[in-house]
Amino acid sequence: MQNFKFILIGLLLGCQSCLIQKLDTTPYQQTAYYQQTKTSITAFEPAPATRTDTLRIGWAKVNITPAQPEPMAGYGKRKGKKYEQVHDSIWVRAFVFRSGSQKAAWVTADLLIMPMSVTARLQEILADKGYNLKNLFLTATHSHYSIGGWGQKPAGRIMAGKYSAKIVDKIAQSILQAIVKAEQSAVPAAMGYQEIAAPALVYNRLVGSKGYIDSFIRVIQFRKKTGEKALICTYSAHPTSVAANDLRLTAEYPGALVQLLEQRLQLSMAAFGAGAIGSHGPQAPGEEYTKVNNLAIGLADKIEAELQDVSLTYETGLQSAYFPISFGKPQWRLKTNRRFRPWLFYAVFGKYPAGLSMLQAGPVQFMGTPCDFSGELLPEITVPNSKRKIVVTSFNGSYIGYVTPAKYYNLKKYETHDMNFFGPYTGTYLTEMINLIIQKSN
């Protein structure tokens with residue numbers, strides 16, 4: 001985003017009052033948007049759960065590697081260049097959960113984020129299949145070396161290349177195909193949850209050893225009565241080990257990891273979702289693809305060594321929901337106490353609805369966020385029921401920037417200064433709303 005700032009700084013010389021204003025530091029609890037969101041979540045009443053019907057679970061994946069080079073997404077310095085070579089294929093993966101008349105889909109894609117344009121297209125094509133934002137849980141692997149072409153505003157075009165409705169529709173149609181296949185294959189299946197510590201493979205890229213590190217691989221295993229097996233895993237390290245000027249298409253370490261898991265554990269499918277990935281970077285020996293492979297091998301070794309300790313059980317509970325989140329005016333900063341005016345932010349980045357997603361299957365409750373959600377915020381998430389396992393993921397189909405703890409707001413870092421779009425209290429605000437959702441859905 002630095003390119004935009006250089007241009008805007010030049011414009012400031014001629015018209016400062018038109019472009020900048022004082023930062024708004026009003027405590028979020030005193031705002032109308034906070035009261036509106038809190039009231040909406042407080043009014044939420046979970047649908048009656050079907051407790052007698054064993055969860056039926058199905059899964060499927062669809063290859064979305066383009067037939068010809070397309071723009072890459074992940075770094076503005078690429079200026080929308082197309083990839084020159086395919087290092088490894090990119091995919092969408094879907095799980096469908098069914099209980100009685102209820103159903104919900106969990107979807108991930110080997111993309112930088114789950115783009116807003118794809119989310120909008122999905123709502124159009126999935127409606128007649130019985131899916132909408134209330135039972136569609138979205139995330140992404142956050143590969144910085146995957147396809148772009150999905151950003152419509154100037155910022156999106158710099159980060160992801162020239163917009164292409166064809167690419168957007170291809171991604172959405174592939175997700176639809178994966179969901180339909182997964183639903184068709186859904187049968188009674190047992191599941192189990194495990195947290196596996198892997199602190200050597202991640203570091204806090206904001207404040208180093210002074211900050212908290214979310215070091216856990218979160219793994220959900222599934223086994224059908226037929227013996228077919230699959231799993232979902234999340235981790236907090238950014239997939240950013242390859243140089244920004246490398247023009248090879250790749251799913252990066254998440255893609256290498258799920259491929260290893262499928263081979264080693266004889267799985268029909270493994271899927272990866274970006275966890276609380278804000279503030280966290282990858283740590284492994286080597287450079288670029290050597291580092292990618294070592295990171296994937298290290299995570300796979302950890303999972304393979306400890307996964308056998310979990311017993312899988314048949315579960316019955318299923319619920320899902322989507323909670324629109326209101327925000328104040330954007331606070332894209334120029335200086336410590338000055339921001340660009342909201343109209344300028346909307347012109348550069350766009351204005352999109354955002355919300356929090358929830359999917360509970362058995363004891364596991366996924367919470368999806370519309371951002372790079374910082375792992376430093378996880379200790380503030382409280383779970384009143386010790387049997388409930390909370391898995392927080394990023395990139396749920398909208399994007400509001402990086403969301404980090406308020407204590408880091410004035411750090412001169414990319415995450416906390418350039419990519420904090422809605423002010424110092426955004427992390428505290430979202431964390432409070434996540435806790436409220438967990439409380440209401442218990």
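In the predicted model, the side chain of S143 comes within reach of the backbone oxygen of T250, at 2.7 Å. A second polar contact links the S143 side chain to the backbone nitrogen of Y145, at 3.2 Å. S143 itself sits in a loop, between β7 (136–138) and β8 (146–147). The relative accessibility of S143 is 0%. Buried status requires a value under 20%, so S143 counts as buried.

The surroundings of S143 also include residues remote in sequence. Beyond neighbours within four places in sequence, S143 is in contact with A73, L111, L112 and P239. T250, A251 and E252 complete that set of contacts. T250 thus appears both in the contact list and as the residue whose backbone oxygen the S143 side chain reaches.

Strand β7, which precedes the S143 loop, is also a packing partner of helix α4. This helix covers residues 116–125. Its buried residues are S117, V118, T119, L122 and I125. They pack against β7 and against α6 (165–184). An α-helix has 3.6 residues a turn, so residues three or four places apart point the same way.

Strand pairing was examined for β23, which spans residues 389–393. This strand is mostly covered, with four of its five residues buried. β23 pairs with β21 (residues 364–368). The pairing is parallel and runs over five bridges. Within it, M367 has V392 of β23 as its bridge partner. In a regular strand, side chains alternate between the two faces of the sheet.

Definitions and conventions
Residues are numbered from 1 along each chain as its sequence is written. This is a predicted model: local features need pLDDT of at least 70, side-chain atom pairs count only at pLDDT 80 or more; totals for chains, interfaces and linings use all residues. Side-chain values use heavy atoms; hydrogens and water are left out. Helices (H or I, at least four residues) and strands (E, at least two) are DSSP runs, numbered from the N terminus. Buried means under 20% relative accessible area, exposed over 50%, partly exposed in between (1.4 Å probe, protein chains only). A polar contact is a pair of N or O atoms within 3.5 Å; within protein, one must be able to donate a hydrogen and the other to accept it, and residues adjacent in sequence count only if both atoms are side-chain atoms. Contact means heavy atoms within 4.5 Å. Two strands pair if DSSP finds at least two bridges between them.
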